[in-house]
Amino acid sequence: MLNTLALIFIVIGLFFMVVGAIGLIRFPDFYTRVHATGKCDTLGEGMILFGLVLYEGMNLVAVKILLLVIFIFITSPTAVHAILNVAYTRGVEPWKKGDERR
Amino acid sequence: MIDIFHASVIVLILTVFLCLYRVLAGPGWENRLIAVNTIGTKTIVVLVLIGFIYERPLFLDISIAYAMINFISTLAIAKYLGRGCIC
């Protein structure tokens, strides 16, 4: 039962990871690429590691993985926002409809 | 369940190659930086899965240290590009 639940979590997390990587390639602009990867990677990573917690059961390894999940849920959006803020400050123009892909 | 872990690692490494295209071809520093940050996040998951495949919990500590290094290096590069110095 728990193994099946862990399998479902891992597959959904892999789906989010693949969708984030495809968005990083396919979107036309820097800001839309950040929109794709900053959320998809955080959620996909959290779901894969939570599936591993369900597979492992409650012991020290699961506690370490939960600490890693909490750490990445705080720090990954912070790092992405720092890069985005610097790019906006240095004058990277947003993409408008009709422009060519950059 | 071990086969699922192997398949997950293979899919994650394929997505790392997709991001590596953006690192090599992306115009400007900002696309390269966001792609490198994404590769770092995927590497953490790959390290945890390797620890589960070979049944060595030591890889968890390596992945926690790698997460901290990834976060701090990204913040340092962003701060350097924003202010001109790390201060």
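At what angle do helix 1 and helix 2 of chain B pack, and how far apart are their axes? Before you select anything, a word on the model: it is predicted, so local features need pLDDT of at least 70 and side-chain atom pairs count only at pLDDT 80 or more, while totals for chains, interfaces and linings use all residues. Residues are numbered from 1 along each chain as its sequence is written, and chains are lettered from A, with ligands numbered from 1, in the order in which they are written.

**Stop 1: helices 1 and 2 of chain B**

Select residues 2-25 of chain B, which is helix 1, and add helix 2, residues 28-53 of chain B. Helices here are DSSP runs (H or I, at least four residues), numbered from the N terminus; strands would be E, at least two. The angle is about 165° and the axes are 9 Å apart. Axes are lines fitted to C-alpha atoms, for helices over the stretch in contact, and angles run from 0 to 180 degrees between N-to-C directions.

Helix 1 and helix 2 of chain B are therefore roughly antiparallel. On this scale, under 35 degrees is roughly parallel, over 145 roughly antiparallel, 65 to 115 roughly perpendicular, and the rest oblique. Their crossing is left-handed, that is, the near helix is turned anticlockwise from the far one by less than a right angle (clockwise would be right-handed).

To see the contact, show side chains for B:Phe5, B:Val9, B:Leu12 and B:Val16, which are among the helix 1 residues, and B:Ala35, B:Ile39, B:Val46 and B:Leu49, which are among those from helix 2. Two residues are in contact if their C-beta atoms, placed from the backbone, lie within 7 Å. The residues of this contact split into 15 nonpolar, 5 polar and 3 charged. Ala, Val, Leu, Ile, Met, Phe, Trp, Tyr, Cys and Pro count as nonpolar; Asp, Glu, Lys and Arg as charged; the others, Gly among them, as polar.

**Stop 2: along helix 2 and into the loop**

Stay on helix 2 of chain B: its 26 residues reach 38 Å from first C-alpha to last, close to the 38 Å expected at 1.5 Å a residue. The expected span is 1.5 Å times one less than the number of residues. Now click on B:Glu55, in the loop between helix 2 and helix 3 of chain B. Its phi is near 55°, a positive value in a residue other than glycine.

Is B:Glu55 buried or exposed? B:Glu55 is exposed, with 8 other C-beta atoms within 10 Å. The cut-offs are 20 or more such atoms for buried, 12 or fewer for exposed, and in between for partly exposed, with C-beta atoms placed from the backbone.

**Stop 3: helix 3 of chain B**

Next, select residues 58-83 of chain B. Helix 3 has 26 residues too, and reaches 38 Å. Colour its buried residues: B:Leu60, B:Ser63, B:Ala67, B:Asn70, B:Phe71, B:Thr74 and B:Ala78. An α-helix has 3.6 residues a turn, so residues three or four places apart point the same way. The buried residues of helix 3 pack against helix 3 (60-89) of chain A together with helix 2 of chain B. Just past the end of helix 3, B:Gly84 takes a positive phi of about 95°.

**Stop 4: across to chain A**

Bring chain A into view: 37 of its residues are in contact with 35 of chain B. Helix 3 of chain A supplies the largest share of chain A's side, 15 residues. By class, that side has 27 nonpolar, 5 polar and 5 charged residues.

Select helix 2 of chain A with helix 2 of chain B: they pack at about 10°, with axes 11 Å apart. That makes the pair roughly parallel. Look for A:Val34, A:Ile48 and A:Leu52 on one side, and B:Ile34, B:Val45 and B:Phe52 on the other, all of them among the contact residues.

Swap in helix 3 of chain A, and the angle with helix 2 of chain B is about 175°, with axes 10 Å apart. These two are therefore roughly antiparallel. Their contact residues divide into 8 nonpolar, 3 polar and 1 charged.

**Stop 5: two residues of chain A**

Go to A:Phe73 in helix 3 of chain A. A:Phe73 is partly exposed, with 13 other C-beta atoms within 10 Å, and touches A:Thr42 and A:Gly46, leaving out residues up to four places away in sequence.

Finish at A:Val92, in the segment after helix 3 of chain A. A:Val92 is partly exposed, with 18 other C-beta atoms within 10 Å. With residues up to four places away in sequence left out, A:Val92 touches A:Phe30, A:Ala87 and B:Glu30.
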